[in-house]
Amino acid sequence: MVRRFDFLVIGGGVAGMSFALKVANSGKGKVALVCKTTLDEANTAKAQGGIASVTNFKVDNFEKHIEDTMIAGDYISDIKAVELVVKKGPAAIDDLVRWGVNFDKTEEGEFDLHREGGHSEFRILHHADDTGFEIQRGLMAAVRRNKNITVLENHYAVEIITQHHLGIEVTRKTKDIECYGAYILDPDTKKVDTFLSRVTLIATGGTGAVYSTTSNPNIATGDGIAMVYRAKGTVKDMEFVQFHPTVLYNPKETHPAFLITEAMRGYGGILRLPNGEEFMQKYDKRLSLAPRDIVARAIDHEMKKHGINHVCLDVTHKDPEETKHHFPNIYAKCLSIGIDITKQYIPVCPSAHYMCGGVLVDLNGESSIHRLYAVGECSCTGLHGGNRLASNSLIEAVVYAKAAAEHSVSVIDDYSFHSGIPEWNDEGTMTNEERVLVVQDMQEVGQIMSNYVGIVRSDLRLHRAWTRLDIIYEETEELFKRTKPTKDICELRNMVNVAYLITRQALERKESRGLHYTIDYPKHAYDQE
């Protein structure tokens with residue numbers, strides 16, 4: 001079946017929904033919002049801490065937020081992207097509030113601002129300790145009310161459509177690659193339908209599920225990044241995988257692991273060894289409020305040094321009622337496994353969390369492929385550089401969604417639907433009865449990435465990962481070609497592609513920088529002479 005929409009949005013988190021709402025109200029046509037599960041399962045909903053923006057201009061300003069972002073990014077962030085996000089941040093907050101998102105306020109009616117690691121001021125807007133869920137709730141309600149948006153849940157994007165599907169050879173040197181839509185798997189018919197569009201947006205989220213322990217939901221398999229890479233689009237900075245320093249250590253729950261928000265350290269939480277000894281003073285003068293890469297490496301080092309599988313976060317010195325008020329979900333979650341955080345330490349360990357790289361885009365959110373935009377965690381705007389500053393991701397998604405919407409609306413009249421696209425051909429393929437192969441390979445990818453391409457790396461580990469991944473790649477491509485597409489086999493295919501990109505780009509960076517730390521090049525390139 002062939003379907004036509006003026007705007008095709010693949011991904012239903014804050015990035016995809018913000019863009020959809022903007023273009024749906026432009027009068028430029030109909031919008032399809034495609035997500036592979038349900039709208040409420042996006043990565044956005046898992047973001048506990050908050051959203052960073054300068055709103056208290058009495059003590060804060062744009063220059064401070066810009067500088068904090070550049071420092072966290074190890075000074076390789078794109079300054080133009082940083083300035084765009086920081087200066088457009090307040091307007092993005094206004095958009096969210098107008099769409100029905102609620103942020104906590106003080107008795108005086110001002111935003112109740114938190115402070116997180118790497119921030120020089122209190123500038124984190126939040127809703128208790130489930131800010132992402134609240135943003136997702138508000139946007140979902142607005143999207144479902146909008147008559148110009150068709151929401152297609154449990155639909156899976158298999159490939160984006162370019163000249164390649166017209167029989168034209170497309171390579172990484174090909175200029176003027178264009179996107180004409182995507183092939184999308186319908187869960188009811190089990191058929192791959194052709195979705196033609198004048199503009200396509202990739203907003204598929206992150207890549208955490210390629211690691212064996214992650215704070216991300218299982219759906220974070222890097223689908224958009226992999227599709228764009230296969231379509232010969234430019235993908236950048238994949239070596240910069242952020243490991244959140246503190247997820248709840250619970251061996252029964254690793255995929256996803258329960259996040260202990262950075263705001264808890266901003267609130268006064270202290271990192272300790274299980275015996276109560278503090279250790280962050282050995283690594284950074286900012287102690288437990290140092291940026292995430294420093295804290296994650298410190299915890300990783302202490303765990304290996306002492307032969308332990310977790311450290312602890314201590315908030316027992318804080319007022320119990322205040323702790324329950326600020327972190328009700330964390331309190332309830334820990335209590336469910338027998339830990340009262342007002343009286344006991346919280347066992348924590350690092351976990352794969354956020355991807356700083358992705359599909360390279362310009363200040364309009366447009367990729368190297370014309371008519372194709374990428375927004376949110378799947379994109380590489382340059383904002384994060386070598387390491388993401390806490391709570392900058394949600395504000396980036398809203399700001400760039402608006403930029404992409406405004407640009408695409410201004411040019412969409414120049415684009416038409418391409419009528420010559422062939423429908424998906426699965427002739428001669430068979431139903432995959434070997435799901436055990438897919439499950440096994442998914443687990444193996446996670447183990448390879450966690451063991452060899454984790455917080456601390458080496459060329460030997462990276463080459464070993466490359467060799468193992470190459471075998472899985474060949475097996476997966478063979479299976480994909482001879483079976484009918486399913487969500488499982490497509491996800492595995494994307495996971496292998498993303499794992500390869502992380503590994504290859506990690507090997508190419510001959511220095512330690514930001515989130516990429518290698519024992520073979522322990523210093524910045526400019527320090528190694």
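The questions and answers below concern salt bridges, cavities and cysteines in a predicted model.

User: How many salt bridges does a search of the whole structure find?
Analyst: A salt bridge here needs a side-chain nitrogen of Lys or Arg within 4 Å of a carboxyl oxygen of Asp or Glu. When the whole structure is searched, the number of salt bridges found is 31.

User: Which residue forms a salt bridge with Asp6, and is Asp6 buried or exposed?
Analyst: Asp6 belongs to strand S1 (residues 2–10), and its partner sits in strand S8 (residues 192–202), 192 residues apart, so that the pair links distant parts of the chain. The relative accessibility of Asp6 is 14%, and that of the partner, Arg198, is 12%, while buried means under 20%. The closest N and O atoms of the pair are 3.0 Å apart. Asp6 is therefore buried, and the residue it forms a salt bridge with is Arg198.

User: Asp300 and Lys304 meet in a salt bridge; which of these two residues is exposed?
Analyst: The two residues are four residues apart in helix H7 (residues 292–306), which means that about one helical turn separates them, and their salt bridge measures 3.1 Å from N to O. Asp300 has a relative accessible area of 14% and is buried. With a relative accessible area of 54%, the exposed residue is Lys304.

User: What separates Arg504 and Glu508 in helix H13?
Analyst: Arg504 and Glu508 form a salt bridge whose closest N and O atoms are 3.3 Å apart. Because they are four residues apart in helix H13 (residues 487–508), the separation is about one helical turn.

User: Which residues are linked with Asp74 in a network of salt bridges?
Analyst: This network is made up of salt bridges, each of which pairs Lys or Arg with Asp or Glu. Linked with Asp74 in the network are Glu239, Arg509, Glu511 and Arg513.

User: Which element gives the largest share of the lining of the largest cavity?
Analyst: The search of the whole structure finds two cavities of 30 Å³ or more, and the largest holds about 50 Å³ of space. Its lining consists of Val241, Phe243, Asp293, Ala296, Arg297, Ile455 and Leu515, and the elements giving two or more of these residues are strand S10 (241–248) and H7. By class, five of the lining residues are nonpolar, none polar and two charged. The largest share, three residues, comes from H7.

User: How many charged residues are in the lining of the second largest cavity?
Analyst: The second largest cavity, with about 30 Å³ of space, is lined by Lys88, Ala91, Ala92, Asp95, Val399 and Lys402. Helix H3 (79–98) and helix H10 (392–411) each supply at least two of the lining residues, and H3 gives the most, with four. The lining divides into three nonpolar residues, no polar ones, and a number of charged residues that comes to three.

User: Why is the sulfur of Cys334 not bonded to that of Cys312?
Analyst: A disulfide is a covalent bond between the sulfur atoms of two cysteines, and the cut-off used here is 2.5 Å. By this rule the count comes to zero disulfides, and Cys312, which is in none, has its nearest cysteine sulfur, that of Cys349, 11 Å away. Both Cys312, at 5% relative accessible area, and Cys334, at 0%, are buried. For Cys334, the closest cysteine sulfur is that of Cys312, and it is too far for a bond because the distance is 11 Å.

Technical notes: Residues are numbered from 1 along each chain as its sequence is written. This is a predicted model: local features need pLDDT of at least 70, side-chain atom pairs count only at pLDDT 80 or more; totals for chains, interfaces and linings use all residues. Side-chain values use heavy atoms; hydrogens and water are left out. Buried means under 20% relative accessible area, exposed over 50%, partly exposed in between (1.4 Å probe, protein chains only). On a 1 Å grid over the protein atoms alone, a cavity is a set of points where a 1.4 Å probe fits but cannot get out, and a pocket is an open set with protein on both sides within 12 Å along at least five of seven lines; lining residues have an atom within 4 Å of a point. Grid points are joined across faces, edges and corners, and a volume is the space filled by probe spheres set on the points. Ala, Val, Leu, Ile, Met, Phe, Trp, Tyr, Cys and Pro count as nonpolar, Asp, Glu, Lys and Arg as charged, and the others, Gly among them, as polar.
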